[in-house]
Amino acid sequence: MSTVPAKRPANRVLPPNLAQAGIVVGGFAVLLYLIEFADRLLPADLELNGIIPRSVDGLDGIIWSPLLHGEWSHLIGNSVPLLVFAFLAMANGLSQWIMVTATIWLVSGIGVWLTSPEDTITIGASGLCFGWLLFLLVRGLFNRSLLQLGVAAILFAYWGTTLLGVLPGDTGISWQGHLFGAIGGVLAAWAAAVADKPTVPGTFKG
């Protein structure tokens, strides 16, 4: 008698728990708005807590940077992509989403800290958005899922031009954050695919 382990649904395109995904993603977005509101109301100059390149004092900015925005237009511009990408990235559940998000968060932040110009402070959730987008674009390749590739094609058709943001351009925009966020998204997709692979079952006779 042989046993075969149950396969995790690695080819899902929507979160298994829609309500949970909506609450988590919506709650994260609300948190960003509350932080920006507090910064404008006080004002608290929270932007100074972003990533300061190659400075020991700026290392903690890796943690705080995605939560901070320079102005309302900056936050509003990130809001729709953040809600869409983060929600779809939860297709394999909350625990994997946390792993994916943490990977993007750290890779993007460390990349910015290592490569951004001196005398700059980098803030904003754009790195996360680029990371989630790349995760969604390539996960179907790692999972060999036509469903996920179909979703990737739709996302690319609508947001594909934003990928140009990984190239140097406007001096006021951190292309480094975009680039390393994208790299983090690819790494997270690979790691998630490896984790979802079923182990080869043993054979037992009974």
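1. N17 caps the N-terminal end of α1, with a side-chain oxygen lying 3.3 Å from the backbone nitrogen of A19; a polar contact here is a pair of N or O atoms within 3.5 Å, in which, within protein, one must be able to donate a hydrogen and the other to accept it, and residues adjacent in sequence count only if both atoms are side-chain atoms. The model is predicted, so that local features need pLDDT of at least 70 and side-chain atom pairs count only at pLDDT 80 or more, while totals for chains, interfaces and linings use all residues. Residues are numbered from 1 along each chain as its sequence is written, and side-chain values use heavy atoms, with hydrogens and water left out.

2. Helices are DSSP runs (H or I, at least four residues), numbered from the N terminus. The end C-alpha atoms of α1 are 34 Å apart, which agrees with the 34 Å expected for its 24 residues at 1.5 Å a residue, the expected span being 1.5 Å times one less than the number of residues.

3. The buried residues of α1 (under 20% relative accessible area, 1.4 Å probe, protein chains only) are A21, V25, F28, A29, L32, I35, E36 and D39. Their cover includes α3, α4 and α5 (126-143).

4. F37, which also lies in helix α1, is partly exposed (between 20% and 50%) because its relative accessible area is 48%.

5. L106 belongs to helix α4, residues 94-115, and counts as partly exposed at 42% relative accessibility. The C-alpha atoms of L106 and F28, which are 78 residues apart along the chain, are separated by 17 Å.

Methods. Helices (H or I, at least four residues) and strands (E, at least two) are DSSP runs, numbered from the N terminus. Contact means heavy atoms within 4.5 Å.
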